[in-house]
Every structure is written in C-alpha cells, then in structure tokens.
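Let's walk through this structure together, one stop at a time. Keep the view open as you read, so you can follow each stop on screen.

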Amino acid sequence: MENFCLTKDKVLRINSDTYLLIFEERLPFEPGQFVMIETPQLVRKPFMLGRWNEALAISVQMKGVGTRYIVQEARKLKAHGPLGKAFVPPEGRGVVVASPTCVTMANYLQKRCNCEVVIGSKTQVRFELPFRTVVGDHEFLRLLPTLQYDWCLVAGSDSMKRVVWETFKNKKEHLFFTLEEYMGCGVGACKSCSFLASSGLKYVCKDGPIFRGDELCWE
Amino acid sequence: MLGIRPPLIIASGPGGYGEYLNLINSKCLGAYTLKTVTYKPRSLTEAPRMAFGSFYLINHIGLENPGVDKFLESLRLGRYDGIFKRTKVILSLGGDDLKEYLKITEKVKPHVDRFVAVEYNFSCPNVTKGGFLLTAKADDWARLLGRIRELLPKTFLLAKLGIEGILIERAAGYVNEAGWEGVTLVNTVRGLHMNPDGRILLGGLSGPILKPISLRAVYEVRKRYQNLYIVAAGGVYSASDAREFIAVGANAISVGSALFKDPNVIEEIGKELGGVVK
C-alpha cells in the first residue's frame with residue numbers, strides 16, 4: 001500500500017453514465033483489490049482495480065461531483081492502494097457477473113482465472129465489450145438461470161446481487177459478492193465500513209471487498 | 001511539555017490503530033493517538049456509519065473497540081510494536097461512567113510508561129453513556145480528574161473536551177485545577193445528516209466546518225490558562241490551518257478527518273511545524 005498519482009491516458013464511455021479510465025502508470029495488484037482516489041470532496045472514493053489491454057484501468061459511474069471530477073476534470077489523480085484482500089477463486093470454471101462499473105476488474109479476472117464474464121448493463125453499451133453483454137433487466141433475468149459454473153462472483157448494484165443470490169442461493173458457498181459499503185479510509189483505520197457477517201465483525205476494506213455469499217446477511 | 005517533534009499528532013478515531021503509518025512519512029509526525037479504548041468492548045453501530053456534505057463529515061462509529069482487556073492482551077503480544085518503533089504513541093481511554101474511567105485507569109497503569117501521554121475522551125458525542133455526558137455533572141467529573149491524577153501521578157494527562165455538556169473554558173479550568181498537563185480541543189459535535197433518500201444519520205460532526213469552533217475554544221482556554229498544554233483538533237486540513245491554531249495558543253496540532261481526503265496532509269503540516277519541539 002502506498003500513495004501515488006494516477007495519470008489518465010484514455011477515457012472511454014461504456015454506457016449512458018459509466019466510463020472506462022485507462023492510466024499511464026503500472027501498478028502491481030491482485031484481482032479483487034481496490035484503490036482510493038481523491039475527489040474535490042472530503043473523502044476519497046474506492047474503485048476496483050483492473051486492466052484494459054494490459055494497462056491499469058478502472059471503471060467509474062459518473063453520478064456526482066466526485067466522480068465527475070475523476071472522469072471529466074482531473075488528469076492526474078492522487079490515490080492510495082492497492083487495498084483489500086486478493087480474490088482467490090475456488091477450483092473449477094467460474095463466471096463473473098458484473099455491471100459496467102466493474103468491467104475492468106472482470107476483464108482482469110478473466111485473464112487471471114478460469115472464468116467467463118457476463119456484463120449486465122441497464123442502458124445501451126457504446127462500444128463492443130469482449131464479453132457476453134446483456135442490456136436491460138429483462139434480458140439479464142432471462143440469461144441468469146442458464147449460467148453454468150462452479151463458482152460465481154457478482155460485482156454490481158445491490159439489485160444485481162440480490163437477484164443472483166435468489167437465483168443461486170442453493171449453491172451459496174460458491175457465490176461471491178463485492179461490497180460497496182461506504183469507506184472513509186480504505187485501510188482499516190476508521191471502521192466506517194464494518195458489518196456483521198455470519199462469522200463475526202468484518203471490515204469491507206480490509207477483510208474484503210469480496211465476500212462469500214453465506215457470510216452476508218440477506219434478510 | 002510533551003516533547004514531540006514536530007508537534008503534530010494523529011487524532012484518536014480516524015487513525016485507527018496505526019494503519020496510516022503505511023501511508024505517511026512518520027518523520028513528519030510527532031505522535032499517533034490510538035483509537036479510544038473503553039473499559040467494555042463497544043460493538044457495531046448500524047450502517048451507514050459515515051456521510052459527508054460539502055464542509056463536514058459525520059460519523060456514528062460510536063467508539064467501536066475491543067475493550068481494554070483485549071487491547072492490553074494485544075499490547076502484551078506485541079501487536080502494536082510496529083507503531084511504537086516508528087513514532088511516539090498516545091493512549092486514548094473512555095468509559096460508560098465514572099467508575100469505568102477509574103477501573104480502566106487501574107488496568108492500564110502498569111503499561112502507561114510505554115505511551116508519551118494518556119488522553120481521556122470526555123467528549124465523544126456518539127454514545128448514550130459516558131462521553132460528553134460525564135462533564136455535565138461537573139463536580140463528580142472534577143473528582144474523577146483528581147482520582148485519575150492520583151493514580152497516574154507521573155503520566156502526561158490530556159483531557160479531550162467538546163463544546164457540549166459544559167462550557168469549554170470551565171471544563172479546562174477543572175482539568176487545570178486537577179493538575180493535569182493539558183487538554184485536546186475539540187472533539188466532534190453532535191450533528192444530523194439527512195441522506196437524499198430521507199434516512200437520517202445522527203453522529204459526530206467533523207471536517208472544515210469545525211475549524212472556527214475549535215479555534216475559538218483554543219483561544220478562550222489559552223486566554224485563561226497559560227500553562228495548560230493545548231492540542232488543537234477539529235478542522236485542520238492544511239499548513240495554513242495549523243498556523244492559525246498555533247497563533248491563538250495551541251502547543252500541538254491534531255489531524256483526524258483530513259487523513260480521509262489526503263494522507264499527505266501530515267507531511268505538509270509536519271514540514272510547516274518543522275524542528276519545533278513542544
């Protein structure tokens with residue numbers, strides 16, 4: 001973990017509100033790790049680390065002042081990372097079900113692990129992604145039960161996580177979820193991202209951000 | 001004097017148990033205050049636990065900590081040795097009531113020499129017992145200060161005060177009369193944040209919005225008590241903020257929430273305070 005600057009090389013628009021940011025810097029990291037990036041606001045924001053054409057990359061949903069700064073305004077961004085635990089998938093063939101906000105992380109996982117990537121986007125995708133991509137809830141819900149896998153990682157909205165959980169909860173020990181609980185520091189100091197897992201108190205930033213499905217409370 | 005160089009401290013709470021040492025230049029830091037340890041363990045509060053507006057952060061982490069017994073076990077096992085190797089360490093203590101403050105003092109007494117100071121949190125606004133509620137009963141609280149002084153006669157004692165419960169200059173007067181070395185001014189203030197979805201977060205307010213309040217607190221206390229050591233806390237985000245606090249009478253500067261924006265703030269302020277020993 002260290003402080004560094006990220007220099008934007010390219011920004012590509014994935015769909016109506018989500019962008020792919022490719023950086024000039026090289027940073028060693030493991031699948032599942034994230035980075036905290038500065039904003040003009042009082043806290044840094046967490047983003048899952050990934051790669052795009054071998055370059056360091058993240059994807060960002062632009063929805064406020066902080067993400068607009070990251071996507072449109074700044075060229076160099078102060079950051080610290082890599083943070084969090086590496087995701088080590090179980091044996092067998094997996095599937096990563098992700099929203100466009102996690103597309104670079106999914107891409108990196110596909111390069112590193114034996115898995116397929118399925119992207120579920122609410123709105124039309126602006127360029128061709130090298131994965132199976134479905135647009136809209138209806139198509140996503142139709143595709144989901146057809147997926148065959150030994151393990152599944154879900155990286156997306158709460159509604160995406162819940163529908164995958166409801167579909168596959170009989171295989172809960174093979175389901176994994178990224179949690180986007182609010183983080184203040186990203187390093188385990190502030191305790192703002194803690195939650196009660198089935199095995200006790202956990203912190204998203206240092207014990208996660210990826211957790212097994214049966215660790216989480218779905219009530 | 002506390003004898004730290006530079007007179008720059010990481011505040012109890014945001015700094016956790018030393019995690020930020022991996023992100024900052026510890027040569028620019030005078031001391032690291034550990035997250036408050038209470039007599040009993042404090043468990044999880046409901047999410048969301050933190051939110052922010054343009055000029056403030058609000059949290060209701062509520063002094064989550066493992067309790068003094070587990071903390072001391074970790075201390076004995078060397079889990080905090082990495083912090084002691086890199087900087088001076090301040091212990092922060094809290095409790096639910098007066099008795100717990102005495103009991104925790106007795107428990108930590110054999111270990112206090114490892115710490116450059118012990119800070120007592122008399123001002124956490126995020127609790128239903130203890131915290132700032134203690135100072136509202138001033139006579140009882142003043143007796144507690146005296147008892148702690150007797151138990152720890154040689155320890156550098158700091159009382160972390162807030163602006164609620166009791167007028168801060170009056171509270172500082174009790175601390176001074178009890179023979180404590182200093183005060184930390186100020187803790188977070190009770191606040192309310194409403195999320196766009198209508199959910200309400202009650203918690204402690206920090207961030208730049210706190211600076212004029214803490215500046216005034218330092219100013220008022222210094223005017224009355226020239227010999228009290230004052231650690232200024234609340235809304236310090238830059239070297240120029242630190243200069244203002246020093247100008248109104250602070251001996252040392254404490255940085256907390258600003259770490260979330262940029263951990264490099266320690267290097268910036270540490271260089272500003274340079275070779276000063278306080």
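**A walk from a loop to the interface**

Start in chain B at B:Ser123, which sits in the loop that runs between strand 7 (117-121) and helix 4 (133-136) of that chain. Bear in mind as you look around that this is a predicted model. Is B:Ser123 buried or exposed? With a relative accessible area of 2%, B:Ser123 counts as buried, because the cut-off for that label is under 20%. Its side chain has a polar partner: the side chain of B:Asn187, at 2.9 Å.

Stay in chain B and move to another loop, the one between strand 1 (8-10) and strand 2 (31-33), where you will find B:Gly16. The relative accessible area of B:Gly16 is 0%, so this glycine is buried too. Which residues does B:Gly16 touch, once its neighbours within four places in sequence are left aside? Within chain B they are B:Tyr32, B:Thr33, B:Leu34 and B:Lys35, and from chain A there is A:Ala189. For a sense of distance, try selecting B:Gly16 together with B:Phe156: they lie 140 residues apart along the chain, and their C-alpha atoms are separated by 21 Å.

The contact with A:Ala189 leads us on to the place where the two chains meet. Here 26 residues of chain A are in contact with 29 residues of chain B. Together the chains bury about 2,300 Å², and 61% of that area is on carbon and sulfur atoms. On the chain A side, the residues that lose the most area to chain B are A:Asn3, A:Leu42 and A:Lys191, which together make up 29% of what that side buries.

Now for the polar side of the picture. How many salt bridges are there between chain A and chain B? The count is 3. You can look for one between A:Lys78 and B:Asp262, where the closest N and O atoms are 2.7 Å apart. Between the two chains there are also 12 residue pairs in polar contact, counting pairs with both residues at pLDDT 80 or more.

Finally, look at which parts of chain A face its partner. Strand 1 (2-13), strand 7 (76-83), strand 13 (194-197) and strand 14 (200-203) of chain A each give two or more residues to the side that touches chain B. Strand 13 gives the most, with 3 residues. Sorted by character, the residues on this side of chain A come to 13 nonpolar, 8 polar and 5 charged.

Note on methods. Residues are numbered from 1 along each chain as its sequence is written. Chains are lettered from A and ligands numbered from 1 in the order in which they are written. This is a predicted model: local features need pLDDT of at least 70, side-chain atom pairs count only at pLDDT 80 or more; totals for chains, interfaces and linings use all residues. Side-chain values use heavy atoms; hydrogens and water are left out. Contact means heavy atoms within 4.5 Å. Buried area is the accessible area (1.4 Å probe) that two parts lose on being put together, summed over both. A salt bridge is a side-chain nitrogen of Lys or Arg within 4 Å of a carboxyl oxygen of Asp or Glu. A polar contact is a pair of N or O atoms within 3.5 Å; within protein, one must be able to donate a hydrogen and the other to accept it, and residues adjacent in sequence count only if both atoms are side-chain atoms. Helices (H or I, at least four residues) and strands (E, at least two) are DSSP runs, numbered from the N terminus. Ala, Val, Leu, Ile, Met, Phe, Trp, Tyr, Cys and Pro count as nonpolar, Asp, Glu, Lys and Arg as charged, and the others, Gly among them, as polar. Buried means under 20% relative accessible area, exposed over 50%, partly exposed in between (1.4 Å probe, protein chains only).
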